[in-house]
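Me: Please take a close look at the sheet of this protein and at what packs against it. I should like one connected account.

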Amino acid sequence: MSRFILRYRGAGPMPAADLARIRGLPHGTVLDETNRMVLVELPDDDAAEVGRALANWTLAPEREIPLPDPRPRVRRRVA
């Protein structure tokens, strides 16, 4: 199972029928949603099918971007 972001590209709010279809996926779980995007966890095969089936939606895999450690470190003196 992988995480995917479904982004609505149409005008106006997301269609209720599309949201019901996304929430009703048998092997998927909706993890989070905003007014234009839905984060889902799906098997890869189901994700490709959902991406083709929904008009005005784009499907992209979730990416994690590593952040640097914000804690300061003491530099060693070169002897």
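Reply:

**The sheet and its packing**

In this predicted model, four strands form an open sheet in the order β2-β3-β1-β4, with antiparallel pairing. Its edges are β2 (29-33) and β4 (57-61), each of which pairs on one side only. Neighbouring strands of the sheet are turned by 25° against each other on average, direction ignored.

Strand β1, residues 2-8, pairs with β4 in the antiparallel sense over five bridges. Within this part of the sheet, L6 stands opposite L59 in β4.

Two helices accompany the strands. Helix α1 (residues 16-23) packs on the sheet and touches β1, β2, β3 (37-42) and β4. The direction of α1 makes about 135° with that of β2. Helix α2, formed by residues 44-53, lies across β1, β3 and β4 and runs at about 10° to β1.

The nonpolar side chains may be considered next. In soluble globular proteins, such side chains tend to be buried together. Here the largest nonpolar core has 14 residues. Those with the most contacts inside this core are L6, I22, V38, V40, L42 and W57. At least two residues of the core come from each of β1, α1, β3 and α2.

Two of these residues merit a separate description. Leaving out residues up to four places away in sequence, L6 touches I22, R36, M37, V38, V40, V50, W57, T58 and L59. The strand partner L59 is thus among the residues that L6 contacts.

V38 lies in strand β3. V38 counts as buried because its relative accessible area is 2%, where the limit is under 20%. When neighbours within four places in sequence are set aside, the contacts of V38 are F4, I5, L6, M14, L19, I22, V30, D32, E33 and W57. One of these contacts, I5, is 33 residues away from V38 in sequence, yet the two are 5.8 Å apart in space, C-alpha to C-alpha.

A final detail concerns the loop between α2 and β4, where N56 is placed. N56 has a positive phi of about 65° although it is not a glycine. With a relative accessibility of 48%, N56 counts as partly exposed, whereas V38 is buried.

Methods. Residues are numbered from 1 along each chain as its sequence is written. This is a predicted model: local features need pLDDT of at least 70, side-chain atom pairs count only at pLDDT 80 or more; totals for chains, interfaces and linings use all residues. Side-chain values use heavy atoms; hydrogens and water are left out. Two strands pair if DSSP finds at least two bridges between them. Axes are lines fitted to C-alpha atoms, for helices over the stretch in contact, and angles run from 0 to 180 degrees between N-to-C directions. Contact means heavy atoms within 4.5 Å. A nonpolar core is a set of buried Ala, Val, Leu, Ile, Met, Phe, Trp, Tyr and Cys residues joined through side-chain atoms within 4.5 Å. Buried means under 20% relative accessible area, exposed over 50%, partly exposed in between (1.4 Å probe, protein chains only).
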